[in-house]
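Please look over the sequence and the structure shown here before reading on. The report that follows moves from the whole chain to single strands, helices, rings and residues.

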Amino acid sequence: MQQSPIDLPNGKELYPLFSLRLVGRDLRIELLWNAVERDAVLGVDDELLLQLGYGGLDDEWVPMCGPLRVEALTRDGNSRNWSRRVCFLDRDGYLRRETISEADILGKPRNVCAQLISAGLAIEGNRNDIIDLIRRWPVEARILSVSRPGWMVGTGAAPAYLLPDGRLLSADPLRGETVELIPARRSAPSSGSLDGWKETVGRLAAGNPALICAISAVLAGPLLKHAGIETLGVNFHAPTSFGKTTALIAAQSCIGPPDLDRWNATNTALELTCQLAHDGVLMLDEFPARPSPAIIEALYMIGNGTGRARGNRKLTLEETARWRTVLLSTSEKPIERILAAARLQMPEGIGVRLIDIPARSWECGLFKTLHGHGSGHAFAEALQSAAREHYGHILPAFVQRIIAQHGLMKETLRPMITRLRNVMLAAIGLPPDAKEGPVLRVLNRLALIAAAGEIGGRLGILPWRKGTATSALVEIAVIWHKAHAARPPSAEAMAVRLAGYLRRNRHRLCPPGAEPDPDAIGWCDARWIYLGIEAFRTDIASGMPAGLAVQLLADAGLLVPGGEQRSFQYRLPRCVDPDRARVYRLDRQRIEGG
């Protein structure tokens, strides 16, 4: 880029005193003062930071600001929110970069100078001249600023995938523009090697269905788009020291350093974390044993792939954050049971997207094969040590191979998922043409994980033989289905059970004050149904603890406590029963109306 001295509106001319040329990590100072003539043309390339001041060869030189340059123009994917990227040395000599909004440069010059000063730029001249300099600086470089990683859209170029640390993977290395992720995860260099990971973490995972599931789930993230699935979640639950966190550490090593996020973050922080997991994987360790009501919003947000709607100062809605992601999670109990204990209801449909897997299903908790280690603890330590030595290779290598076969993947992935799902249906005893429902939706997601593991093996990324991931995920599907079939019904299912029972036994309810029949199950009036304790426990709560049935019906708003402390039972008034029997009071209008 060629540049002459810059004319300022006040008639002064701006000249460089010296330049600082970036060479690798070193700065070389090149004196330019004696070489500058008023009409000379100065060569200014992208590596130069210019120390700027007022004056000329014969005038006293007055410094204006520290060394800087405007290196690029930035804008978002809609070609809006244009800004200028200013590169400068701070007062300590460190290289800094600040993005300055074009709107602020024009409308809030004082704020722009305040931003630069706060970031460390020394400003000694008139701030209006600084602003005019930034506006007039000739810039050709462009930066596309995006708010989430994953597959790039709307560029019209070859398929490209942006990693959470901001690295761009593309079949076309010359895309003609720089893509920048804001915000991006802290970039950490990979450690060890791909072959080292295969020989350690990959080898130890073989023969352990839960570990194979967790690692394959990482590779399922970039495939969500082609599979037509928005959210896929797996939650391993068991008491402490059963290997749950170790599984997540092994999976995290596919991406980067084995540092895990936790469920106890604020919902705003979780929303940002979800955005950075778009088309990738989100790992959240330790679901809280005593959750607050705010956890329901977090579950809705993660499960539906949508952030909160927000307004701005112009009283208009900002664009809502959206993502599709794979969630790997751990908890001490099934999440639905944890929520029920806290008197919180699992959001509808989330149970299908967040699949609870008992981590105590194998010989050593979550581990089925210890590969010669003396205990599950020793095996977990070896696996974690390997994950901390070799990390950051699997996901980038997998995505690069997927990009190279992008067209083929779009055509073959969904038929592959269907075939693997049918294998799982057969394993749990259901026909291939089973009707769409929660079981089928869960198996679709598990089949995608199996497909990702099989594809990773075929591409040479994972060190497993053909069929390894399929066998592991079929075993996971059987374990899940067994636990799913044995779990208690939901509040909605309990409400249906109660309404059906009362319809069939309406004739066994006595009017208030009547002598009870030996076959009676309770009383009823225009407002309430008073169901006897024995009938409730024998018929309504059949196959489950009576306390659980009571809680489910209370959650559904059908069972109304009688006002006694720590009791859901109700003592009848004498006008209904002279003996004032204890019963469960049910809302007749809601039962018969719904």
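## The chain as a whole

Among contacts in the chain between residues at least 6 apart in sequence, 65% join residues at least 24 apart. This is a predicted model, and every value in the report should be read with that in mind. The chain holds 20 helices and 24 strands, and of its 594 residues 49% count as buried. The area that the chain exposes is about 28800 Å², and carbon and sulfur atoms supply 49% of it.

## An enclosed strand and its partner

Strand S8, which covers residues 83–89, is largely enclosed by the rest of the structure, because 7 of its 7 residues are buried. In a regular strand the side chains alternate between the two faces of the sheet. For S8 both faces are covered, since Ser83, Arg85, Cys87 and Leu89 are buried on one side, while Arg84, Val86 and Phe88 are buried on the other.

Strands of a sheet pair through backbone hydrogen bonds, either parallel or antiparallel. S8 pairs with strand S9 (residues 95–101) in the antiparallel sense, over 7 bridges, and one of the details that can be followed on the model is that Phe88 has Arg96 in S9 as its bridge partner. The hairpin of S8 and S9 has 5 residues between the strands, and in this hairpin Gly93 takes a positive phi near 85 degrees.

## A sheet of three strands with a helix across it

An open sheet of 3 strands follows the order S11-S12-S13, and its pairing is antiparallel. The edge strands are S11 and S13 (168–170), each of which pairs on one side only. Between S12 and S13 the antiparallel pairing runs over 3 bridges, and Leu162 stands opposite Leu168 in S13. Helix H13 (residues 394–404) lies across S11, S12 and S13, and the helix runs at about 35 degrees to S13.

## Rings and charges

A pair of aromatic rings is described by the distance of the centres and the angle of the planes. When ring centres within 6.5 Å are taken as a pair, the count comes to 5 aromatic pairs. The rings of Trp151 and Tyr161 form an edge-to-face pair, because their planes stand at 80 degrees, with the centres 5.2 Å apart. Trp151 lies in strand S11 (residues 150–151) and Tyr161 in strand S12 (residues 160–162), so this pair ties together parts that are 10 residues apart in sequence. Trp151 and Tyr161 are both buried.

A stacked pair is formed by Tyr530 and Tyr570, because their planes stand at 15 degrees, with the ring centres 5.8 Å apart. Tyr530 belongs to strand S22 (residues 528–532) and Tyr570 to strand S23 (residues 570–571), so the pair ties together parts that are 40 residues apart in sequence. Tyr530 and Tyr570 are buried as well.

The ring of Trp528 has charged side chains over it, and the table lists two of them.

| Charged residue | Ring | Distance from the ring centre |
|---|---|---|
| Arg527 | Trp528 | 4.3 Å |
| Arg585 | Trp528 | 4.4 Å |

## Two buried residues and their surroundings

Which residues are in contact with Phe236, once its neighbours within four places in sequence are left aside? Phe236 is found in strand S15 (residues 231–237), and Phe236 counts as buried because its relative accessible area is 0%, where the cut-off for buried is under 20%. Its contacts beyond those neighbours are Ala210, Cys213, Ala214, Lys244, Leu248, Ser329, Thr330, Ser331, Ile357, Ala359 and Leu366. Phe236 and Glu286 are 50 residues apart in sequence, and their C-alpha atoms are 9.9 Å apart in space.

The second residue, Thr273, lies in helix H8 (residues 267–275). Is Thr273 buried or exposed? With a relative accessible area of 14%, Thr273 is buried. Leaving aside its neighbours within four places in sequence, Thr273 is in contact with Arg185, Asp261 and Leu282.

An α-helix has 3.6 residues a turn, so residues three or four places apart point the same way. In H8 the residues Asn267, Leu270, Glu271, Thr273, Cys274 and Gln275 are buried, and the buried residues of H8 pack against strand S16 (261–262), strand S17 (280–285) and helix H9 (294–304).

Notes: Residues are numbered from 1 along each chain as its sequence is written. This is a predicted model: local features need pLDDT of at least 70, side-chain atom pairs count only at pLDDT 80 or more; totals for chains, interfaces and linings use all residues. Side-chain values use heavy atoms; hydrogens and water are left out. Helices (H or I, at least four residues) and strands (E, at least two) are DSSP runs, numbered from the N terminus. Buried means under 20% relative accessible area, exposed over 50%, partly exposed in between (1.4 Å probe, protein chains only). Contact means heavy atoms within 4.5 Å. Rings of Phe, Tyr and Trp (its six-membered ring) pair if their centres lie within 6.5 Å; planes under 30 degrees apart count as stacked, over 60 as edge-to-face and the rest as tilted. A charge sits over a ring if NZ of Lys or CZ of Arg is within 6 Å of the ring centre and within 35 degrees of the ring normal. Two strands pair if DSSP finds at least two bridges between them. Axes are lines fitted to C-alpha atoms, for helices over the stretch in contact, and angles run from 0 to 180 degrees between N-to-C directions. Accessible areas come from the Shrake-Rupley method with a 1.4 Å probe; for residues, only the protein chains shown count as cover.
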